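Let's take a friendly look at the aromatic side chains here and how they meet one another. Have the viewer open as you read.

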Amino acid sequence: MIAPRTSRNPRRLGSVDFVHLNAHSAYSLLAGACPVEALVARASAHGHRALALTDTDAGYGLPLFQACCDTVELQAIHGAELHDPNQPGERAVVLAEDARGYRNLCRLITRRRLDPRFSLIDDLPHEAKGLVVLTPSPTLLRQWAEDLPQDALFAELVAHAKEPTQRTLLETAEAVDRPIAGSHRVFFDVKKNHAVHRLLLAIGHLKFLRDVRPGALDRHGGPLDLLPPEARLLTPAEAVRAFRERPEAVHATLAIAERCTYRFDKPERPRLPALDPEMLGETAATMTEDATYARLAALCLEGVKRRYG
């Protein structure tokens, strides 16, 4: 249930679409219970026009996701749900508006994976250009309201979150003057796959299945991120009903989807990172594209000889 607005006469919502901006596939390892192909097929069958893939701290599934979306003429929105490794429960959905945003998304995922000093609250603002950020955390929302542009930060109102949690988030959003966007934080396509979600959590956190229940702790001592059976992919009509007291949360999902137009354009040749000519004993004049590929091939061959003899 969504906490109602303080107004006694909330604006009625007509027939309108809803875009899932927080949806996880099996690439949310040991948590997501739905293959990319099944997730996209279900969204298409439900009549959705757009869908975001936001796997946990990962972008592994994004190329396949776009290919599947193209097949059914569904707009693919590229993103990830980033978690703070040192602050359990602190998280944010990050969506790429354009190529610059996608580059920053990749940088954030890489830093989250490789840098033990990664701090979500501190690091995200430095790579926020071209990104739309949604967070259900009052702490992150309050801090980032000072760091991010007005149209780049939204309070993520999760439909199946507990009412006190929703109320605190809504009060914070009003206090810092940030809009809200509706979310269902999807981890499986249909309700019956909640059992798969529980099983994956049990495996990932070395628990008996009977111990995977609301209020349980994960293997690190933080709250177990167990989603309720309701965390499935809703139809647009179901989502509209879920947010009937907050129609602006539905409209925000459409506005965000219209902004997030980035898509992969497959180049004729892979795009290689720029090489420093001086480090390779070359000059800028001799470091042509063909020379770059030749140098890469030589380095690969050296590595093969060193590894395999």
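## A charge over a ring

In this predicted model, R210 places its charged end over the ring of F208, at 4.4 Å from the ring's centre.

## Aromatic pairs

Searching the whole structure turns up 4 aromatic pairs. One of them joins Y102 and F264: the ring centres are 5.1 Å apart and the planes stand at 90°, so this pair is edge-to-face, the label for planes over 60 degrees apart.

Where do Y102 and F264 lie? Y102 belongs to helix α3 (residues 99-114), while F264 is in the loop between α9 (247-259) and α10 (289-308), so their pair ties together parts that are 162 residues apart in sequence.

F264 also pairs with Y262. Here the centres are 5.7 Å apart and the planes meet at 80°, so Y262 and F264 are edge-to-face as well.

## The cluster and its exposure

Put these contacts together and you get a cluster: ring pairs link Y102, Y262 and F264.

How buried or exposed are its members? Y102 has a relative accessible area of 17%, so Y102 is buried, because the cut-off for that class is under 20%. Y262 is buried too, with a relative accessible area of 15%. F264 has 22% relative accessibility, so F264 counts as partly exposed.

Notes: Residues are numbered from 1 along each chain as its sequence is written. This is a predicted model: local features need pLDDT of at least 70, side-chain atom pairs count only at pLDDT 80 or more; totals for chains, interfaces and linings use all residues. Side-chain values use heavy atoms; hydrogens and water are left out. Rings of Phe, Tyr and Trp (its six-membered ring) pair if their centres lie within 6.5 Å; planes under 30 degrees apart count as stacked, over 60 as edge-to-face and the rest as tilted. Helices (H or I, at least four residues) and strands (E, at least two) are DSSP runs, numbered from the N terminus. Buried means under 20% relative accessible area, exposed over 50%, partly exposed in between (1.4 Å probe, protein chains only). A charge sits over a ring if NZ of Lys or CZ of Arg is within 6 Å of the ring centre and within 35 degrees of the ring normal.
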